[in-house]
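Reader: I am new to this structure, and I would like to learn how to read its features one at a time. Could you take me through them slowly?

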Amino acid sequence: MAMERESFLGQLDLISSQLKEKLAEVHSESELEKLRQEYFGKKGFLSSLLKKLGEFPSEERSELGKKANFVKEELMATFQVRERQLRYLRYERLAEEEWFDVTEPPLPFPEGYHKKGEGHIHPVSQVQKELEDIFTSMGFSILDGPQVETDFYNFGALNFTEDHPAREMQDTFYTNDGFLLRTHTSPVQVRAMQQLSPPFRIIVPGRVFRYEELDASHEHTFYQMEGMVIDREVSVGHLLFLMHTLLKEIFKQEVNIRLRPGYFPFVEPGFELDMLCLLCGGKGCSVCKQTGYVEVLPCGLVHPNVLRAGGLDPMKWQGAAFGLGLTRLVMLRYKIEDIRHFMSADPAFLRQF
Ligand code: FA5
């Protein structure tokens, strides 16, 4: 016998409330997987009910179909939230179990790796440390953020809509369970806004990843340093002052810069700050792709949607942010002509710095 409209809606309601109750009671990922099969599997409660849609006349079918899909999507979203909570709890348990002794002395370097007394800090870490000193002297705090990120922090909260072509410029590596390797240090902008109370100034040095075609200036794994100022009134003037100071201090000389419009969904207006290539003095080489300038500092004023995602009211707070290509800056400073040297296992490369 064909199903009645009311009975269909009643069952949909029942399935929805039952599943929500059960979700709250599930305490392991394996129990959660069982529940997924029970409800969303081929013969699951929800899938079986949805199959019955075919028994309704077409005008009722489209109304009921819409309702059922809405409920299904809502349930799947609740499911995902629970899934993340359980995974997070598992990671927390792991972190507690897998502690190690940070005070243990390191193993000695292999024989012949470097001569006695020759060991030193990696060039990227050297420049990072100098930048940290410059910024902390200007009242900035240093923050860190996860390298394995969620789509929300890496893209969504930064005003990249689901299908926006700007996502293509930052393709990345995805894990099987829905995480990604962060493509920039900008996700920490939103994390900082959620955790600190404004006004504040932060820098975020860190490792980032991209699915890239490799060449002299592109690696799949490299370093960036984010900077962000949140205050009542922040202007492009503040941004320029900060960036000019930073470049002058790092290169210990006056630097020749140019500003041009740049597009990033999370700033408005957005700019690209380029610096005259110190490797070729502007004549053109492989690092500046024969243009004479190297882009070092994309920046802009924080977009109101990003302030909102961080829980701040754009009518009360303003922000400026920049994303320094740290590895490229190190290349300019030490006149390294190919970024791929950083990944080479040859200790002769690192001995030079
Ligand atoms: C960004 O990553 C933005 N998050 C920067 C930003 C922050 C803009 C805050 C506005 C406000 P972009 O994709 O251009 O932007 O990368 C930033 C810098 O990282 C580049 O200028 C460049 O110096 C460096 N970079 C980008 N891709 C690579 C790569 N594959 N290898 C090495 N360095 C890279």
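Author: Let us begin with a term that we shall need for the pockets: helices and strands are DSSP runs, numbered from the N terminus, with at least four residues for a helix and at least two for a strand. Please keep in mind throughout that this is a predicted model.

Reader: Which element gives the largest share of the lining of the largest pocket?

Author: The general idea is that rolling a probe the size of a water molecule over the atoms shows where empty space is left. In this structure the largest pocket has a volume of about 790 Å³, and among its 44 lining residues R210, E272, E295, P298 and R328 are the closest to the centre. Two or more lining residues come from each of β5 (221-231), β6 (257-261), β7 (267-276), β8 (293-302), β9 (318-325) and α10 (326-334), and the largest share, eight residues, belongs to β8. By character, the lining divides into 21 nonpolar, twelve polar and eleven charged residues.

Reader: What lines the second largest pocket, and which residues lie nearest its centre?

Author: The second largest pocket holds about 370 Å³ of space and is lined by 15 residues, with R84, Y88, T150, F179 and R191 nearest its centre. Helix α4 (58-97) provides the largest share, seven residues, while β2 (148-149) and α6 (151-154) are also among the elements that each supply at least two. Eight of these lining residues are nonpolar, two are polar and five are charged.

Reader: How many domains does the assignment give, and where does the second largest pocket stand in relation to them?

Author: The domain assignment gives domain 1 (5-97) and domain 2 (123-350), whose centres, taken over C-alpha atoms, are separated by 40 Å. The lining of the second largest pocket draws at least three residues from each of these domains.

Reader: How should I read a pair of helices, and at what angle do α1 and α2 cross?

Author: Two packed helices are described by the angle between their axes and the distance between the axes. Here the axes of α1 (residues 5-25) and α2 (residues 29-40) come within 10 Å and cross at roughly 170°, which means that α1 is roughly antiparallel to α2. On the α1 side the contact is made by I15, Q18, L19, K22, L23 and E25, which meet E31, L32, L35, E38, Y39 and F40 of α2. The residues of this contact divide into seven nonpolar, one polar and four charged.

Reader: What does E83 touch, leaving aside residues up to four places away in sequence?

Author: E83, which has its place in helix α4, touches L32 and R36 when those sequence neighbours are not counted. The C-alpha atoms of E83 and E33 are separated by 9.3 Å, although the two residues are 50 residues apart along the chain.

Reader: Which general expectations should I hold about the backbone, and where are there exceptions?

Author: Most residues other than glycine have a negative phi, and most peptide bonds are trans. In this model the peptide bond from P198 to P199 is cis, with omega near 0°, and P199 is placed in the loop between α7 (187-195) and β4 (200-209). The bond from E268 to P269 is cis, with omega near 0°, and P269 lies in strand β7. Turning to phi, K289 is not a glycine but has a positive value of about 50°, and K289 is found in the loop between β7 and β8. Q290 is not a glycine and has a positive phi of about 65°, with its place in the loop between β7 and β8.

Definitions and conventions. Residues numbered from 1 in each chain as written. Predicted model: local features only at pLDDT ≥ 70, side-chain atom pairs only at ≥ 80, totals over all residues. Heavy atoms only, no water. Axes fitted to C-alpha atoms, helices over the stretch in contact; angles between N-to-C directions. Parallel < 35°, antiparallel > 145°, perpendicular 65-115°, else oblique. Contact = heavy atoms within 4.5 Å. Nonpolar A, V, L, I, M, F, W, Y, C, P; charged D, E, K, R; others polar. Domains from an automatic or database assignment. 1 Å grid on protein atoms, 1.4 Å probe; cavity = no way out; pocket = protein on both sides within 12 Å on 5 of 7 lines; lining within 4 Å. Points joined across faces, edges and corners; volume = space filled by probe spheres on them.
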